[in-house]
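Colleague: Hi! Could you walk me through this model when you have a minute?
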2 protein chains.
Amino acid sequence: MSTSTARKPRKAAYHHGDLRAGLIRAATQLLDRKGMAGVSLREAARRAGVSHAAPYRHFADREALLAAVAAEGFARLGEAMREAAPRGSLALGEAYVRFAIERPSLYQLMFGGVLRIGEHAELRAHALRTYEGLVRAFSSVAAERRGEMAAAAWSLVHGLAGLLLADHFPRAAREGRDTEAFVRAVLSQIRFAVRPAQGAAAA
Amino acid sequence: MSTSTARKPRKAAYHHGDLRAGLIRAATQLLDRKGMAGVSLREAARRAGVSHAAPYRHFADREALLAAVAAEGFARLGEAMREAAPRGSLALGEAYVRFAIERPSLYQLMFGGVLRIGEHAELRAHALRTYEGLVRAFSSVAAERRGEMAAAAWSLVHGLAGLLLADHFPRAAREGRDTEAFVRAVLSQIRFAVRPAQGAAAA
DNA sequence: CGCATATGTTATCGTTGTATACATTAGTCT
DNA sequence: AGACTAATGTATACAACGATAACATATGCG
């Protein structure tokens, strides 16, 4: 019925060894090297050394393969965040943006809206775990507002990453600073409201 | 020859009337109705009633057509922002997010990183104008920090819009509120730093 | 008028996603 | 062990797409 994964102890190896993983690897490489549009099932199959129809034994369609790549991306992003979290929330934000800048196509795949996240269970699970990691960073905030805080913080860093990646900041805004300094400067503009403010969001 | 339209003004009309505009129209419709992947040069040509090669007289390639669609999107976004700006910065942020939610595919095209903005002069110009409109909303802020403020505010609303569009907020975070209320709640979490803070960005 | 050129068409190529029928291998059951 | 069954990979095919080139036609200017 359902297409199989791991029916034996580990990821069993049949003809290829582990084609599923091989395809994810190849697709990830294509994504990093040639961008989103450069990822094709056929090219991935080629690089994995199988026929162009073989991938369909492991992925329902192209989108399913991309979803698997994105899921791994969320795992990596989660790692980066966990590693930076102890150094404070500014460091956490910087780490987030750095991840996006270092793997732009992967980040675009994860968040660009190309994938309908609701239709890929594994992807959804990975994304959720990452989000929970972020919420945990706000453990010092009252529980009822923690969710909104986390949402605001995530929006901020995600938006900054996205605008940087799409090159939407005019040169004037950068003022000659390197990207890291610019990120710090922008993130530092923000303070989180401590009281249940319902007023304006800006000065 | 079924459609005979005006044919004198500026952008004169040759065979079709104004194929360039017709293609942009058709592509915009496709984008709204079938999403990014549903926009093809051939289908746009079909809907404009011309052969599949005709578009190449007006657009270098598919990306150029998409860039034209996106440029118009920036104009519309600019209008929405100008209209909301007098009602304060929270209203401005809400209007921004509303635009993204109402035209998700268009917004994704404008900001999703599919277009390399640097390579389409007209697109770049339109985007820049929109940004300048945003910066103007921060005219009460000291000039040297205005750019960073605007960048932070833009990041916030852009990130929120993107995460909403990609359905990245777990249901728990929404707490049953409708989207507008959620947007207001999230935006209200943020206050802009008034002093040249270089400390942390969160509590 | 006559002609250069902007515009549109036809034909064609290579690539892709996907479906179907077939072949082979791996793991299981007796 | 040997055969059966499901998992896996292959061969072939098709329609849609982006792109290019060769050709056709209308437009407006001299």
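Colleague: What stands opposite Ile190(A) in E1(B)?
Modeller: That is Phe192(B). Strands here are DSSP runs (E, at least two residues) and helices likewise (H or I, at least four), numbered from the N terminus. Keep in mind that this is a predicted model, where local features need pLDDT of at least 70, side-chain atom pairs count only at pLDDT 80 or more, and totals for chains, interfaces and linings use all residues. Residues are numbered from 1 along each chain as its sequence is written, and chains are lettered from A and ligands numbered from 1 in the order in which they are written.

Colleague: In which sense do strand E1 of chain A and E1(B) pair?
Modeller: Antiparallel, over 3 bridges; strands count as paired if DSSP finds at least two bridges between them.

Colleague: And how many residues of chain B are in contact with chain A?
Modeller: 54 residues of chain B touch 54 residues of chain A, where contact means C-beta atoms, placed from the backbone, within 7 Å. H7(B) gives the largest share of chain B's side, 16 residues. By type, that side has 34 nonpolar, 17 polar and 3 charged residues. Ala, Val, Leu, Ile, Met, Phe, Trp, Tyr, Cys and Pro count as nonpolar, Asp, Glu, Lys and Arg as charged, and the others, Gly among them, as polar.

Colleague: What turn lays chain B on chain A?
Modeller: A turn of 180°, with a shift of 0.0 Å along the axis and an RMSD of 0.0 Å, so the two copies are related as by a two-fold rotation axis. The superposition is by least squares on C-alpha atoms of residues with pLDDT of at least 70 in both copies.

Colleague: Which residue of chain B comes closest to that axis?
Modeller: Gly159(B), whose C-alpha is at 1.7 Å.

Colleague: Back to helix H7 of chain B: is Ala152(B) buried or exposed?
Modeller: Ala152(B), which sits in that helix, is buried, because 25 other C-beta atoms lie within 10 Å. The cut-off for buried is 20 or more such atoms (exposed is 12 or fewer, partly exposed in between), with C-beta atoms placed from the backbone. Beyond neighbours within four places in sequence, Ala152(B) contacts Val186(A), Gln189(A), Ile190(A) and Phe192(B).

Colleague: New topic: which residues are buried in helix H2 of chain B?
Modeller: Leu41(B), Ala44(B), Ala45(B) and Ala48(B). They share one side of H2(B), because their arc around the axis is only 100°, taken from the directions from the helix axis to the C-beta atoms. The buried residues of H2(B) pack against helices H1 and H3 of chain B.

Notes
Two residues are in contact if their C-beta atoms, placed from the backbone, lie within 7 Å.
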